[in-house]
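Please look over the structure shown below before reading on. The briefing that follows takes up its nonpolar cores, its sheet, one of its helices, its domains and a few individual residues.

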Amino acid sequence: MLPDRSGNPLAACPRCGHADAILSVPAAYHSARATEWAGHVARDDDASISRRHAARMAVNAALPVVPARELAVAPGNDEVVGYGCLGIVLGGVAIIMIVVYGATSSGSGAWLLLVVGFVTGLVCLLSLLQIPAAVARRQLVKAGRPAATAVWQLGWYCCRCAIVYFQIGEAPPGVAPGQPLTPAQFQHIVWTVGGYAKTPPPPAFGAGRR
Ligand SMILES: [Zn+2]
């Protein structure tokens with residue numbers, strides 16, 4: 001039986017009763033990230049044969065863990081960059097369409113250029129209008145992340161059952177020690193502690209199954 005952070009024996013998975021396939025949530029998350037990256041390399045035709053072979057071996061040897069995003073301590077912070085890039089690209093397309101329309105306004109298909117320019121310009125504007133909200137959300141996540149991480153790193157993931165649970169004395173308020181949680185439930189608890197959960201609580205463990 002593995003010891004916990006205090007040297008005490010770890011409680012086994014509350015679902016299967018075993019403790020030989022449990023990982024701390026941070027370890028499970030990083031394992032999933034590493035496996036996903038290895039899978040990417042294994043499919044990369046530009047990678048050398050030996051590198052792809054090593055990546056395939058890493059994927060085959062990896063413990064079964066849900067996708068890393070399902071155990072992430074916080075949402076990705078690439079929304080601002082995404083909206084900015086989309087706005088720039090569409091803005092460029094809109095300008096090109098309007099310039100071309102100006103140069104060929106007497107052509108039979110000129111109206112199509114104008115419509116495309118208008119639509120891409122409108123989507124560009126809508127994308128740029130999303131940036132302030134994305135910036136505010138990024139700041140919200142940054143502020144709440146330390147508190148969320150404190151709860152996140154106390155979770156334990158069972159690779160057999162794909163559930164998360166807390167050890168006795170480490171469960172946050174509202175969660176019973178040893179209560180099996182789906183990754184979605186666990187993530188919602190963590191994100192709620194961080195103050196950036198946007199969705200309602202997911203169904204309890206076992207709801208809809210059996
Ligand atoms: Zn289990």
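In this predicted model, the largest nonpolar core holds 26 residues, of which Val25, Ala28, Tyr157, Val164, Tyr165 and Val190 touch the most other members. A nonpolar core here is a set of buried Ala, Val, Leu, Ile, Met, Phe, Trp, Tyr and Cys residues joined through C-beta atoms within 7 Å. A residue is called buried if 20 or more other C-beta atoms lie within 10 Å of its own, exposed if 12 or fewer do, and partly exposed in between, with C-beta atoms placed from the backbone. Residues are numbered from 1 along each chain as its sequence is written. Because the model is predicted, local features need pLDDT of at least 70 and side-chain atom pairs count only at pLDDT 80 or more, whereas totals for chains, interfaces and linings use all residues.

**Cores**

- Helices H1, H4 and H5 (183–194), together with strands S2 and S3, each supply at least two residues of the largest core; helices (H or I, at least four residues) and strands (E, at least two) are DSSP runs numbered from the N terminus.
- Apart from the largest core lies another one, of six residues, which include Ala94, Tyr101, Leu113 and Cys124.
- Ala28 is in contact with Leu23, Val65, Leu71 and Tyr157, once its neighbours within four places in sequence are left aside; contact means that the C-beta atoms of two residues, placed from the backbone, lie within 7 Å.

**Sheet**

- Three strands make up an open antiparallel sheet in the order S1-S2-S3, where two strands pair if DSSP finds at least two bridges between them.
- Strands S1 (22–24) and S3 (163–166) stand at the edges with a single partner strand each, so one side of each is left without a neighbour in the sheet.
- Neighbouring strands of this sheet are turned by 35° against each other on average, direction ignored, with the axes being lines fitted to C-alpha atoms, for helices over the stretch in contact, and angles running from 0 to 180 degrees between N-to-C directions.
- S1 is joined to S2 (residues 155–158) by three bridges, and Ile22 stands opposite Cys158 in S2.
- Four bridges join S2 to S3, and in S3 the bridge partner of Cys158 is Ile163.
- Both faces of S2 are covered, since Gly155 and Tyr157 on one side and Trp156 and Cys158 on the other are all buried.
- In S3, Ile163 and Tyr165 point one way while Val164 and Phe166 point the other way, and all are buried.

**Helix H1**

- The 18 residues of H1 (residues 25–42) should span 26 Å at 1.5 Å a residue, and its end C-alpha atoms are 25 Å apart, which agrees; the expected span is 1.5 Å times one less than the number of residues.
- The buried residues of H1 are Val25, Ala28, Tyr29, Ala32, Thr35 and Ala38, and what covers them includes S1, H2 (49–61), H4 (110–152), S2 and S3.

**Domains**

- The protein chain is divided into domain 1 (21–71 + 154–210) and domain 2 (75–143), with bounds that come from an automatic or database domain assignment.
- The C-alpha centres of domain 1 and domain 2 lie 36 Å apart.

**Individual residues**

- Gly76 lies in the loop between H2 and H3 (79–103) and is exposed, with 11 other C-beta atoms within 10 Å.
- Val141 lies in H4 and is partly exposed, with 19 other C-beta atoms within 10 Å.
- The C-alpha atoms of Gly76 and Val141 are separated by 9.4 Å, although these residues are 65 residues apart along the chain.
- Val141 touches Ala74, Pro75, Asn77, Gly194 and Tyr196, not counting residues up to four places away in sequence.
- Ala162, in the loop between S2 and S3, has a positive phi of about 55° although it is not a glycine.
- Most residues other than glycine have a negative phi.
- Ala162 counts as partly exposed, with 16 C-beta neighbours inside 10 Å.
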